[in-house]
Structures are given as structure tokens and as C-alpha cells.
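Got your viewer open? Let's take a short walk through this model, one selection at a time.

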2 protein chains.
Amino acid sequence: MNEPALIRAIARWAAARPDGDLIAGIGDDCAILRPRAGEDLLLTTDLAVEDVHFTRATHPPARVGWKCLARGLSDIAAMGGVPRFALLSIALAPWSGARELRAFYRGVKKLADRYGVSIIGGDITRSERFVCDAVVIGGVPRGRALRRDGARAGDGIYVSGPLGRAAASHWRAMPEPRIELGIELRRRFRATACMDLSDGLSLDLHRMMLASGVSAELRSAAIPLARGASVEQALHGGEDYELLCTLPPTARRDPRSGLALIGFVTEGPAGRVRLDGKSLKPGGWDPFRPPKS
Amino acid sequence: MNEPALIRAIARWAAARPDGDLIAGIGDDCAILRPRAGEDLLLTTDLAVEDVHFTRATHPPARVGWKCLARGLSDIAAMGGVPRFALLSIALAPWSGARELRAFYRGVKKLADRYGVSIIGGDITRSERFVCDAVVIGGVPRGRALRRDGARAGDGIYVSGPLGRAAASHWRAMPEPRIELGIELRRRFRATACMDLSDGLSLDLHRMMLASGVSAELRSAAIPLARGASVEQALHGGEDYELLCTLPPTARRDPRSGLALIGFVTEGPAGRVRLDGKSLKPGGWDPFRPPKS
């Protein structure tokens, strides 16, 4: 297939029809959106590269599609937003043709449909390795986005579910973005800070504490472990895509929310994280270290 | 450098401070925008891959940065929009470290500053080849975006400058997005359709005529040629990033606009393009054909 044929095929498989705040999707130089009154827009991009973020052995094309979109949706969840639109820039590798692209979009569409996300554009080219950059756009009531710089001494530190699942599954686990919980954290729990656990608790919590100018005290016994995961994997594994948040001391969390209290925010050097009273070095996932096996 | 250090460096080199409609840029899970009342938003992504869209021999990092952003800005120009924000997802190749990334951002920033574009986010990872996906966001008065589906029989077909420049320069020419002209085409010339010439006149005009449901008659003698370019290169070369537009028969164009009349829209099969009365096959740039030398 040539480029025009591929774009027509993608439009058939995945594209949204103009409706409501979507004025024009795939098919012109740009997509056109009409923002809703009283809303801020959230924008995030996540670049996934074959043999860095996934391998052909562990991720058939539909799983790659799911994972690429899930990473972006998780960023929207972390801000308490409602995901709306996505654009996907794809470089097809020599091993991937129209058939693999279709499977990729099957994975994308399954997740997009679950959260009402419309595919409104992108780009397609070729490369030695399969590459996908997923751009996700969400909405949030004006001035109400959850950020990572609002944690205050005395807040409790929570995670949305068991950690280490991705590492324990050898990175085969499919991430599930915590969209509904993110919205609840904003509306009901009045979270003071929130982010998603993409790179590992030790690194991501360090980042949140750094942005907020505070320290953290964690209790290892309180960290919920995924089946088969070690504490090490829960702390440093990354790619769990659970939410990490801080709630004010007065917060009464609903036990059904699945939130687990794992520690407290304290006054202290910005970015310092201690586990059971000992310094915890940030050690999460970094693409500039050797690839995951 | 590790990932956090690279992100801090990028924030120093390129990032915009929150101001006006930018609520939060680089540093959180998402960027936060506050859309202006009465405006539609334009979104475009362009993926550039080393050895497909550029080579190390022809494009040092600063030129890669310029070119990546220029392609997105050109899409905004094609819709008559004002570019505002960009997000850049980058995969660094083994040959590129902090020094090359800095040069890349120097190229990006030079062009971004010229058009008042703020860098508000992105992603960074690694790959065998350097990859950049540029996301550009622009604004346009509500319902006024120029689209490619509005050409009508009787309209004149115009291009914004000499064609074949990229091909004649062996793809070394640096594209200059036609932002001011795009805005003029929307405001003053009331263009009926517009797009940018990214893949070559023959292919792009075919696409515009297809979207508009009309045919085109071109005159080869009227097509402005770049210095050293052949008619073949002007027709099929691609990457010129001039604007292609149609103006109503009553349009009086300003000679200073640089617009050249190259033909007319006619009733006929959707997408048909004829040159001097003979059928012209769309033959522009397609990443799924062998790479450019």
C-alpha cells in the first residue's frame, strides 16, 4: 500500500466523524477542535520505540496499539482529566504492513472506544523499527487540573493499586489507565497532587516531592505488591500506570476507591524520599540505561 | 545524561513560561492550555525519521530541529491559522547526545521564536535512528479555518512561490512556513481551499481536487520554477512547503503576495488533474517508495 491508501484505510478503521467539539478529523492538513467553554485542555505525547518500549516477541501489534494509547490516557488520568482526542504518528518497520497496522489500530480502537476517545489525526511514515508517538488531548474544568506540585507536609501518600505488576510480568502486563479514579481524585477527594507511575515509585515520588518542595516517608509494609512482584520491583519497576497522589490529612477515602496509604508528606529537603526511615535512591526506568530484557 | 537531566536541560533551552493561554508547560504529566474564546484550535503532527526525511550528511542537528518544526508550522499556515504551541517527541540515536540535542533545540527555537511559538512539552527516549514527532497547535477564528475541500469550478489555482526548490537542492533547502500568507489568504483573499505542498504539486493538487470533488487544468508555462529546478521537480519533487490555494474568480490578488496563477478548477471527475490538456499522474513523495538519494 502507498501512503494515500494507508491513510484511507486508517480513516476507515479508526477515524472519528466530526461531531460536537470535533470540527474536522483525519483528511486535512490539521484537525480542527472547538474547545468547550469553561474548560482547560490537557496535552500529552508519548513516544514508543520497538526494542526500547516493547519487542515483537512480547507485544503483537494490537498490544502495541493498546499500550501506546494507554500511556497517554494515563497522563490525562493523572491530571484528573477526561480524555477526548488522540493523534497517532506511526513509522512502520519493514516487518509491518497493512495487516499489522490494522491489528495495531484494533488495539488502539478497543481502548479508545472504552473511554470515548476519538482518533482525529496523525502521520505515517516508515523506519527500521516500529515507532509510535501518541498525542492525547483531554479536558478538565478551568483551573482544576491535578498537578504534581501541590503536595503539602501532613498529606497522606496513596497509590491506586498493587505495584510491580509490569516488572513481575516481564513487561507483558497491559496497562489500564485510571481515568475514573483520576476524575474522582479531582472532584471528590480533593487530591493536592497527582501523577501516574510510569517510571517507578521511587523515581516518580521523588519527582513529585521535588516539584512540591517537600519530603516523603514511606512504609515498605504498606506498599501493595502485585502478584509475584518483589518490593524491589514495586519500588523501581516502572510501567505500572497506577496513580500516585497526595490527599489532605482530613481526606476520608472511600475503601472502594482502591487507594492504599503508603506514607506521609513531611517538611524536609525537596525531593527527599525515605523508606522505613532510610534514604531511598530514585531508581526507576530510564530509557538512557540499558534496555529491559 | 539521564532522562531527568535531559528534560531539565530542554526546559532551560526551549521551554516557555506559563503566560496568557499557557497555564503549564514542560514539567507535569500534561501541558495545560486555556483556549481563547471564539477560536477553533488546529492540531497537526509530523514524524521525521533519520535516513527517511533527512540524513546526517545533509542535515546537522540544528537543521533537523528547524525542519521538524517547519513541517508542522506549514500545516498551520495551510489552514490560515496562527501557530501557538509545539510539543516535540524525540528519540536520540546512538550518535546524538546532549550536545546534538542542544543544537537540535537551537534550530527549533530559532524558528519558534520567529513565529511566537511556545514549546510546551514532549517526550524523550532513544532509538537506533534519530526520530522527532512535532505536534503543533494553532488558533483560528471560529469556523474560519481554510480547508482543502472548498475549491469550486471557476476558481483560480495559485501557488505561493517557485516550486522544485527542495528537489533541486537535493533536499538541503530549509523550508520556510508561509504563516503570514496563510492568514492573508483567509482574511483578505477569501481563499476557497488551501493546503501546503509537502509531497509535490501533482499529488497534493490531486488530493485537493479529490476532497473538493472537482478537476484541475494546469498550464506548465505558468508554474514558477525555483532556480535550477526542472518542471519535473516542480511537479513531483515535494517538500517545497509553499501554499497551494484556490481563489474565487472575482479575487483580485495583490501582486506583492507572491501568488502565481497556475491553472483553473473545472467541473469533472473528482481528483483529476490535467497539465496542458493531458492527464497528470500524481507522482509526489511517498515514504513507502525507496528513499531519496
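Before the first click, one term: a nonpolar core is a set of buried Ala, Val, Leu, Ile, Met, Phe, Trp, Tyr and Cys residues joined through C-beta atoms within 7 Å. Keep in mind, too, that what you're looking at is a predicted model.

**Stop 1: the core.** Which residues have the most contacts inside the largest nonpolar core? Select A:A86 and B:A86, because those are the two, in a core of 188 residues. Now stay on B:A86 and look past its neighbours within four places in sequence: B:A86 is in contact with B:L69, B:G72, B:A112, B:V117, B:I119, B:A134, B:V135 and B:V136. As background, nonpolar side chains in soluble globular proteins tend to be buried together.

**Stop 2: the domains of chain A.** Colour residues 3-15 and 38-141 of chain A in one shade for domain 1, then 156-279 in another for domain 2. The centres of these two domains of chain A, taken over C-alpha atoms, are 26 Å apart. Where they meet, 16 residues of domain 1 are in contact with 17 residues of domain 2. On the domain 1 side, select α2 (61-78) and β4 (82-92) of chain A, each of which supplies at least two of the touching residues. The largest share, 10 residues, comes from α2(A). Colour that side by residue type and you'll get eight nonpolar, four polar and four charged residues.

**Stop 3: two chains, one turn.** Show chains A and B together. A turn of 180° with a shift of 0.0 Å along the axis lays chain A on chain B with an RMSD of 0.0 Å. That is how a two-fold axis relates two copies. Both copies use the same surface, with 100% of the contact residues of chain A recurring in chain B.

**Stop 4: where the chains touch.** How many residues of chain A are in contact with chain B? There are 51, and they are in contact with 51 residues of chain B. Among the elements of chain A giving two or more residues to this side are β1 (22-24), β5 (118-126), β6 (131-141) and β8 (193-196). Select β3(A) next: the largest share, nine residues, comes from there. By type, the chain A side divides into 25 nonpolar, nine polar and 17 charged residues.

**Last stop: strands across the chains.** Zoom in on β2(A) and on strand β3 (residues 39-49) of chain B, which pair in the antiparallel sense over three bridges. To finish, pick A:L33 and find B:L41 in β3(B) standing opposite.

Key. Residues numbered from 1 in each chain as written. Chains lettered and ligands numbered in written order. Predicted model: local features only at pLDDT ≥ 70, side-chain atom pairs only at ≥ 80, totals over all residues. Domains from an automatic or database assignment. Contact = placed C-beta atoms within 7 Å. Helix = DSSP H or I, 4+ residues; strand = E, 2+ residues; numbered from the N terminus. Nonpolar A, V, L, I, M, F, W, Y, C, P; charged D, E, K, R; others polar. Buried ≥ 20, exposed ≤ 12 C-beta atoms within 10 Å, placed from the backbone. Least-squares fit on C-alpha atoms with pLDDT ≥ 70 in both. Pairing = 2+ DSSP bridges.
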